[in-house]
Every structure is written in C-alpha cells, then in structure tokens.
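Please open the structure in a viewer and keep the selection panel at hand. The stops below proceed from the strands to individual residues.

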Amino acid sequence: MQRPWDDWDHILKVDPDKDLVDGETFEDIAECGTDAIEVGGTTGVTEEKMRWVIDGCAEYDIPLYIEPSNLTNVVHTDGVDGYLVPEVLNAGDVAWLTGMQKEWVRLDDEIDWERTFTEGYIVLNPESSAAIYTESNCDLDADDVAAYAEVGEQMLGQEIIYAEYSGTFGDPEVVGAAADALEESTLFYGGGIHDYESANTMAQYADTVIVGDLVHDEGVDAVTETVEGAKDAAAATLTD
C-alpha cells in the first residue's frame, strides 16, 4: 500500500509560535520545493496560532499535515491532509508515549483515523526543548538507537521512525544505524539541516529530512538549498 510519505525526500516543518522572515508569505513557503508541510511545535502553540498557519498554507497544492504535541495543536479544518502524532520512544515521562495521545482520544470525537499516523520519535539532543519536556534519555549509542527503531517498527507497528536532534546536526553513524535496523518503516531525520551540504549528507542515511527553524531564521531561499541537497542525495541513491 502506498503511504503518503513514501515519495517525500524533504519536509518543511512550520512552527506556529514563530514568525516568518519579513516579506515572506505562506505562498513562498508552499513553492520552495519541499514535498510536504508539517505544522507543529513543542512550546507556545495555541489553537489560534495553529489556525493562522493552516489557513495560510491550505490553499496551496502541497500535502499539509499537523503534528499534534498537545490538544491545542489539533484543529479540524478543510485543507489538512492528516495528522502525524509523535510518540517518544525514549521518553522518561511516559505521558509523551501514550498519555498525551490518550487525552486527545478521550476529548476529541472528530479524529479521522484513516488520516492519522504515529511517528516513533527518538529524541537525541539533551539540550532541546523536546528532550527537556519529555525527559528523554539521550545518552544513547548507535546500537541503542537502532534497537529503539526496531522496537518502534516491529513491536509497535510504527510506519515512521523519527531521529530527532532538534537544533543540532546529528551523528550520521547513529542515523545510519537506525536506517539499517528498519525493514519497511520510513526514517525521518530532523536537526541542524541548514544548507545544501547538511541536507545532502543526512539524506544519504534517512529517507526524509525535515527542516524547521531555518525557514523562520533565514527564509525560503535557504530552505530551497536544503530541498536540492535532499533530492540530489535521493537521486544518487536510486542510481547506485
């Protein structure tokens, strides 16, 4: 079965709690070349901010997904293609593995399960907001990360495993170990992708690279460079 993300080399993650670069619009973002837009953030996201981004992006012909990290991140509106729900595999606080998700299910009777998928997060930067909020154990070597990836795929049935370095460029050896551990699940990578080279390097290991803060800090032209890096790596893999 074809999954929505099977052909995605690059995802642009837009944080509703952060502004766009002066002079840039959601149309610019939609036309930067990325394969999909994912909307979400760890802190400061409200329903109003989420709707601002969703309404801005929904009119353009690009896959648009919400990553709900808490109930205020979830909006049901036309133009949203689906939901990618984080489950943090190495969280010290189990609320981030099942608790937050349970509350969403308990309080939201509009969930469309046909368009809702989980991401098996492995949080790897101990200084990131994601690690602090989830109390993640980031003291992991390549074997540990590979094992978490395998647990996510084989035990929990997750079709997406997400190696998250959030704000810093990760260790390609560790990301490669996660990739080698997977049979059919897609490996997302996020963290420190800031130019052509960083995207090209990590896309040689992960199936899909995710760019976030760059669009808020430097703008669309910088994001476009990362799209080119990711797609060149994917093309080279196909010809090997």
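Begin by selecting residues 82-88, strand β4, together with residues 116-123, strand β5; these two strands pair in the parallel sense over six bridges. The model on display is a predicted one. Within this pair, highlight Pro86, which stands opposite Glu119 in β5. Next add residues 99-107, helix α3, which packs on the sheet and touches both β4 and β5. The direction of helix α3 makes about 145° with that of β4.

Now widen the selection to the strands β1 to β8. Eight strands close into a barrel, and their order is β1-β2-β3-β4-β5-β6-β7-β8. The pairing around this barrel is parallel. From one strand to the next, the twist averages 30°.

The next stop is Glu153, to be found in helix α5. Is Glu153 buried or exposed? Its relative accessibility is 10%, and because buried means under 20% relative accessible area, Glu153 counts as buried. Display the residues in contact with Glu153, leaving aside neighbours within four places in sequence: Gln158, Ile161, Ala181, Leu182, Glu183, Glu184 and Ser185. For one of these, Ala181, a distance may be drawn: the C-alpha atoms of Glu153 and Ala181 are 9.1 Å apart, while the two residues are 28 residues apart in sequence. Show side chains as well, since the side chain of Glu153 makes a polar contact of 3.4 Å with the side chain of Gln154.

Two loop residues remain, and both concern backbone torsions. Most residues other than glycine have a negative phi.

Select Glu135 first. Where does Glu135 lie? Glu135 is in the loop between α4 (129-134) and α5 (142-155). Its phi is positive, about 55°, although Glu135 is not a glycine. With a relative accessibility of 53%, Glu135 counts as exposed, because the term applies over 50%.

Then move to Ser166, in the loop between β6 (160-164) and α6 (172-181). What is the phi of Ser166? The value is near 35°, which is positive in a residue other than glycine. Ser166 has a relative accessible area of 26% and is therefore partly exposed, as that class lies between the buried limit of 20% and the exposed limit of 50%.

To close the tour, keep Glu135 and Ser166 displayed together: Glu135 is exposed, whereas Ser166 is partly exposed.

Definitions and conventions:
Residues numbered from 1 in each chain as written. Predicted model: local features only at pLDDT ≥ 70, side-chain atom pairs only at ≥ 80, totals over all residues. Heavy atoms only, no water. Helix = DSSP H or I, 4+ residues; strand = E, 2+ residues; numbered from the N terminus. Buried < 20%, exposed > 50% of the residue type's maximum accessible area, 1.4 Å probe, protein only. Pairing = 2+ DSSP bridges. Axes fitted to C-alpha atoms, helices over the stretch in contact; angles between N-to-C directions. Contact = heavy atoms within 4.5 Å. Polar contact = N/O pair within 3.5 Å; in protein donor to acceptor, adjacent residues only side chain to side chain.
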